[in-house]
Amino acid sequence: MIKIKKRWEIPESEVTPESLYRQRRNFIKSAGVAGGALLLNSFAGAQASYAVDGYQKKSISLDEEITAEEDATSYNNFYEFGTGKEDPKENSQRFRTDDWTIQVGGHCEKPGTYSLEDLIRPHALEERIYRLRCVEAWSMVIPWIGVPLSSILKTMQPTSAAKYVAFRTLHDPLRMPGQQRSVVPWPYREGLTMAEAMHPLTLIAVGMYGKTMPNQNGAPIRLVVPWKYGFKSIKSIVSIEFVEAEPKTSWNMILPDEYGFYSNVNPEVDHPRWSQKKERRIGDIFKRETQMFNGYQEEVADLYDDLDLKVNF
Ligand code: MTE
């Protein structure tokens, strides 16, 4: 039998073993500023985001065709790098994510500044193939690599006062040129209820297609909430805060009548300017029916038993 190599499988030789990656990082650190900069340049292509070695393949799979990697990495929404679909890829290539830190605060026992290593390394990386349905009525199927958000949040020991989790993206107009225009009230913000954040499907992703997260897809660390419209999946996160009141979210701040806090994929609730009943899978010609909760109804519907989803859209 011939084993057809899947599009998202990459040869072992392309994966940097963890020990080698760590050696490089330590060497870069000890080489000092000037030497370090030189060295980084000599690793052009090997960006300094999280190395996704040794992950468990396909811990959650889907019987659907994976979107071509080229499409998933060149047709993006990431307004920090421009509002056109091809802008993020073009404008984010020089974005550096070295020494990335995440501020953790609010109602928890372990607030502070976490490095990517501190945050991710204690947990086992998994590959999960999820549908991502954009509010603009297109969708993709993407093999993410990451860690359940719940595992990460548990280590921060949220207190009983924590009812929601608020996330923010980096705000640095010099590094993110799209922020030089006020199309969004920067920084980009998102939020989840505590129950949504702790749901086993909610993922913090550091890679995709077997590789470190590309800049245009939200390097070095982003959220993936597969039953919600894509804009909930906030990219390049620098802040996680446990809060008591429903946090402000960017798209709700911009157009409150069009984008609610929940933003669950729901073919029964149309966007005021277009139908949400159908979607076009990137790569397909014909549209397909949009599924309730993006097809994750069995897993997540009970989170919303007491909510009128037409009011809480
Ligand atoms: N996160 C930030 N910080 N800025 C953005 O503009 N766009 C959102 C979301 N996360 C966005 C963001 C939208 S509208 C979508 S559809 C998804 O990212 C797209 O993710 P992808 O480009 O990896 O497919």
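**Exercise 1.** In the predicted model, determine in which sense strand 2 and strand 3 pair, and over how many bridges.

*Solution.* Step 1: locate strand 2 at residues 101–106. Step 2: follow its pairing with strand 3, which is antiparallel and has four bridges. Step 3: take one residue as an example; Thr-101 has Ser-115 of strand 3 as its bridge partner.

**Exercise 2.** Find the bridge partners of Ala-166 in strand 7 and in strand 11.

*Solution.* Step 1: in strand 7, Ala-166 is bridged to Gly-191. Step 2: in strand 11, the partner of Ala-166 is Glu-241. Step 3: turn to the strand pairs. Strand 6 and strand 7 run antiparallel and are joined by five bridges. Strand 11, residues 237–243, also pairs with strand 6 in the antiparallel sense, over six bridges.

**Exercise 3.** Is strand 6 mostly covered or mostly uncovered?

*Solution.* Step 1: strand 6 spans residues 164–169. Step 2: count a residue as buried if its relative accessible area is under 20%. Step 3: five of the six residues in strand 6 are buried, so the strand is mostly covered.

**Exercise 4.** Give the strand order of the five-stranded sheet and identify its edge strands.

*Solution.* Step 1: the order is 3-2-11-6-7, and the sheet is open. Step 2: the edges are strand 3, residues 112–115, and strand 7, residues 189–193, each of which pairs on one side only. Step 3: from one strand to the next, the twist averages 20°. Step 4: for the sheet as a whole, the pairing is mixed, while strands 2 and 3 pair in the antiparallel sense.

Conventions: Residues are numbered from 1 along each chain as its sequence is written. This is a predicted model: local features need pLDDT of at least 70, side-chain atom pairs count only at pLDDT 80 or more; totals for chains, interfaces and linings use all residues. Side-chain values use heavy atoms; hydrogens and water are left out. Two strands pair if DSSP finds at least two bridges between them. Helices (H or I, at least four residues) and strands (E, at least two) are DSSP runs, numbered from the N terminus. Axes are lines fitted to C-alpha atoms, for helices over the stretch in contact, and angles run from 0 to 180 degrees between N-to-C directions. Buried means under 20% relative accessible area, exposed over 50%, partly exposed in between (1.4 Å probe, protein chains only).
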